[in-house]
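Here are my comments on the model you sent round. They deal with the ligand site and with one part of the surface.

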Amino acid sequence: MSQGDLDPKDWDTFRAQAHRLLDASLDKMQTADEGRVWNPVPDTLREAFNREIPKAGYDTESLLTQIMPYGVGNTHPRFFGWVHGAGAPSGVLAEIIAASMNVNTGGRDHIGPVVERQVIRWCTDIMGFGESASGLVVSGTSIATIIALKVARDQALEGVAKAGIANSHLIGYTSAQAHSCVKRAFDILGIGSAQLRVIPCNHDFEMDLSTLQQQINTDRADGLQPFCVVGTAGAVNVGAIDDLEGIADIAAAEHLWFHIDGAFGATARLSKYAKDRLTGIARADSLAFDFHKWLQVNYSAGCVLFKDEQAHRQSFSDRAEYLNSKSRGLAGGDFWAVDYGPELSRGFHALKIWAHVAEHGTDALGASIDRNIELARYLAKRVDAEPKLESLAPVPLNINCFRYRADTTDMNALNEEIVFELQETGVAVPSTTLLHGELAIRVNITNHRTQESDMDLLVDAVIRIGDRLSA
Ligand SMILES: *Cc1c(COP(=O)(O)O)cnc(C)c1O
């Protein structure tokens, strides 16, 4: 029996505690559709996490169970804020296994890289990236974007990894609806966010490709070096999908690296409603997307894919001698994650992704995305049918932006107050966004637990609160 300093003094007691906590976790998941969506953290609980670091340990079971109602609320079917996945019980079991193995998947020859490569191969299949593609499991699209754009930068400027970016004239392009992580990546990579041209959108919130082409021409004429274009498959505001085939054509003609932010939208390649608009993903040089959004893997889990394994590897494979791989033994193995990304030590995130995809299969995962798109269309119909509600944007995918109409000079303040009340009463959690200066109640549906009745409840609550506030 293992008797390390930090192992349980009494394994039977520990085992009983583990079973109690597993039951508490299962109860939480089994009743995910009950009660309030968001619960503000009580002051007593905040205080419990504002203590001095303990010299002597104490029992944590009570606090571990007390915190459970005070998450973001995204496991609940009426969580519609921003873009959050709802998670699934399957991931919990894989996380228990991964934690007990305590695997470091930075490199070496063990089951970790074997599972990760399986996950990556499935992803390259789904995304149409082909046999020779390369990829890495990461924590989310933000870091995936940094990794992808570093490879793009390195391919554009010979020796940049060593010499730095000084005196270069790199210019990138993305749309006004692109996620802020693209701009941040330009900053972090030293290219500078001012070198990212923000191309305006058409009224479907998609990048305007004639402006893109003109801007590239202007920049070339000015002696600058256009090097990459970032398209979006599922933009956060309204779910817009750029004309990815059109961008691919321009990128090919202009010899630009084509990166796609497909954080949640790329996985809709599994959906019968969306797949025809996502064919251009297969033409990208790199793709960033998340498992923790529309695929419902528990946080956090994302992915970056590359067409060209060589290019990907070149940007990160600079191992020191103490990390050299060997032809035999544990220091062998032909896939070391450290050669493909900035992290050395990293957990076994691929296991929960593998378990989730293997357990459900792509048919069920795609059907779940289809149902969300159907719900967004259902909500759009209800909004159109209610004289007191007004749609503020098209509904191309799974996001609805609308507002309550009233005879008031400050419609934005009124709708913001409606959203505050929905959240604070625990009824539902939409978020808000500004579209052409108008504040929209924004309902994102990346939630396999949401039903039509949840949409009805939301619409009724918006009208009820709106009527009262504007009376
Ligand atoms: C969520 C999101 C991101 C950021 O992804 P993280 O996984 O949160 O880092 C980027 N782009 C889009 C379109 C998103 O929805």
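The numbered points below take the ligand first and the surface second.

1. Please keep in mind that this is a predicted model. The contacts and areas given here are computed from it.

2. Which residues come nearest to the ligand? There are 13 residues around the ligand, and those that come nearest are Ser142, Asp261, Asp290, His292 and Lys293. By type, the shell around the ligand divides into 6 polar, 4 nonpolar and 3 charged residues.

3. Oxygen atoms of the ligand take part in polar contacts with side chains. For His292, an N or O atom of the side chain is 3.0 Å from a ligand oxygen. For Lys293, a polar side-chain atom lies 2.9 Å from an oxygen atom of the ligand.

4. The backbone contributes too: a polar backbone atom of Thr141 is 3.0 Å from an oxygen atom of the ligand. As for cover, the ligand on its own has 380 Å² of accessible area, and the protein covers 85% of this.

5. Turning to the surface, a nonpolar patch is formed by Ile97, Met101, Ile111 and Val114. Together these residues have about 350 Å² of accessible area. Two elements, α4 (89-101) and α5 (111-127), each give two or more residues to the patch.

6. Is Ile97 buried or exposed? Ile97, found in helix α4, has a relative accessible area of 45% and is therefore partly exposed. A patch residue needs over 30% relative accessible area, and the 45% of Ile97 meets that cut-off.

How values were computed:
Residues are numbered from 1 along each chain as its sequence is written. This is a predicted model: local features need pLDDT of at least 70, side-chain atom pairs count only at pLDDT 80 or more; totals for chains, interfaces and linings use all residues. Side-chain values use heavy atoms; hydrogens and water are left out. A residue is near a molecule or strand if one of its heavy atoms lies within 4 Å of it. A polar contact is a pair of N or O atoms within 3.5 Å; within protein, one must be able to donate a hydrogen and the other to accept it, and residues adjacent in sequence count only if both atoms are side-chain atoms. Accessible areas come from the Shrake-Rupley method with a 1.4 Å probe; for residues, only the protein chains shown count as cover. Ala, Val, Leu, Ile, Met, Phe, Trp, Tyr, Cys and Pro count as nonpolar, Asp, Glu, Lys and Arg as charged, and the others, Gly among them, as polar. Patches are made of residues with over 30% relative accessible area and no salt bridge: like charges are joined within 9 Å, nonpolar side chains (Val, Leu, Ile, Met, Phe, Trp, Tyr) within 5 Å. A salt bridge is a side-chain nitrogen of Lys or Arg within 4 Å of a carboxyl oxygen of Asp or Glu. Helices (H or I, at least four residues) and strands (E, at least two) are DSSP runs, numbered from the N terminus. Buried means under 20% relative accessible area, exposed over 50%, partly exposed in between (1.4 Å probe, protein chains only).
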